[in-house]
Amino acid sequence: MTRSRRFEREAHLGSGADLFRRASAALVSWDLHRRAGLVVVATGPATPGRTVTLRPRSGPGAWLRLAAPCEVTEVVDRPDARGFTYRALPGHPERGWGTFLVRHDSVTGAVALTLTGESAHATLLARLGAPIARLEQARITRRYLAALRDRP
């Protein structure tokens, strides 16, 4: 059995209520995932119970035609934070969960994207290719963090 690894990453996106509105809308509509280079198959925005399947457009995951089915388990919709948590479903190369949260500090105006998650390899292919799987996961995480910074 593979050990779970927990991570948290954050990117400062800029400042202002308008940026918060645009960035959080891009997040819950799956545009963050599209901008990070993933094909998104979902029937609507992130809502509890919604399933989404993510497929990389480039890199080892695309070459292997990997699909990552997930289910949204929680949605955050507050004046200072918007986002969601999803969990990996059977067929995903990893098991675990991820939280995507756009926050707005009303005092400073700062807008940030925080990614938190925990995962472990769920398939034989992911376990055999563990170093490549971790590099691919890190690459996509970097792309998530840059996606809203570039053009919210």
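Me: Helices and strands are DSSP runs, numbered from the N terminus. In which loop is the place of R57?
Reply: The model is a predicted one. In it, R57 sits outside the helices and strands, in a loop. That loop runs from a strand, residues 51–56, to a helix, and the two elements it joins are β3 and α3.

Me: Is R57 buried or exposed?
Reply: A residue counts as exposed when its relative accessible area is over 50%. R57 has a relative accessible area of 52%, so R57 is exposed.

Me: How many Å apart in space are R57 and L38, C-alpha to C-alpha?
Reply: Along the sequence, 19 residues separate R57 and L38. In space, their C-alpha atoms are apart by 5.5 Å.

Me: How many helices and how many strands are there in the chain?
Reply: Read from the N terminus, the elements follow the order β-α-α-β-β-α-β-β-β-β-α-α. Counted by kind, they are five helices and seven strands.

Me: Why does the radius of gyration of the chain agree with a compact globule?
Reply: The C-alpha atoms fill a box of roughly 50 × 30 × 25 Å along the principal axes. For 152 residues, a compact globule would have a radius of gyration near 15 Å. The two agree because the value for the chain is 15 Å.

Me: What share of contacts between residues at least 6 apart in sequence joins residues at least 24 apart?
Reply: Contact means heavy atoms within 4.5 Å. Among the contacts in the chain between residues at least 6 apart, the share that joins residues at least 24 apart is 54%.

Me: Why does the span of helix α1 agree with its number of residues?
Reply: Helix α1 covers residues 17–28, which is 12 residues. At 1.5 Å a residue they should span 16 Å. The span agrees because the end C-alpha atoms are apart by 17 Å.

Me: Which residues of α1 are buried?
Reply: Buried means under 20% relative accessible area. In α1 the residues that meet this are L19, F20, A23, S24, A26, L27 and V28.

Me: What is the phi of W30?
Reply: W30 comes just after α1, in the loop that leads to α2. Most residues other than glycine have a negative phi. W30 is not a glycine, yet its phi is positive, at about 75°.

Me: Does W30 count as buried or exposed?
Reply: The relative accessibility of W30 is 1%. The cut-off is under 20%, so W30 counts as buried.

Me: Which residues does T116 touch, not counting those up to four places away in sequence?
Reply: T116 belongs to strand β7, residues 110–121. With a relative accessible area of 13%, T116 is buried. Beyond four places in sequence, T116 touches R6, F7, E8, W97, G98 and T99.

Me: Which residues is A67 in contact with, leaving aside neighbours within four places in sequence?
Reply: A67 is in the loop between α3 and β4. Its relative accessibility is 25%, so A67 counts as partly exposed. Apart from those neighbours, A67 is in contact with T53, L54, R55, G91, H92 and P93.

Me: How many Å apart are the centres of the positive and negative side chains?
Reply: The chain has 24 positive and 13 negative side chains. Their two centres are apart by 8 Å.

Key:
Residues are numbered from 1 along each chain as its sequence is written. This is a predicted model: local features need pLDDT of at least 70, side-chain atom pairs count only at pLDDT 80 or more; totals for chains, interfaces and linings use all residues. Side-chain values use heavy atoms; hydrogens and water are left out. Helices (H or I, at least four residues) and strands (E, at least two) are DSSP runs, numbered from the N terminus. The expected span of a helix is 1.5 Å times one less than its number of residues. Buried means under 20% relative accessible area, exposed over 50%, partly exposed in between (1.4 Å probe, protein chains only). The radius of gyration is taken over C-alpha atoms; the globule rule is 2.2 Å times the number of residues to the power 0.38. Lys and Arg count as positive and Asp and Glu as negative; His and the chain ends are not counted. The place of a charge is taken as NZ of Lys, CZ of Arg, CG of Asp or CD of Glu.
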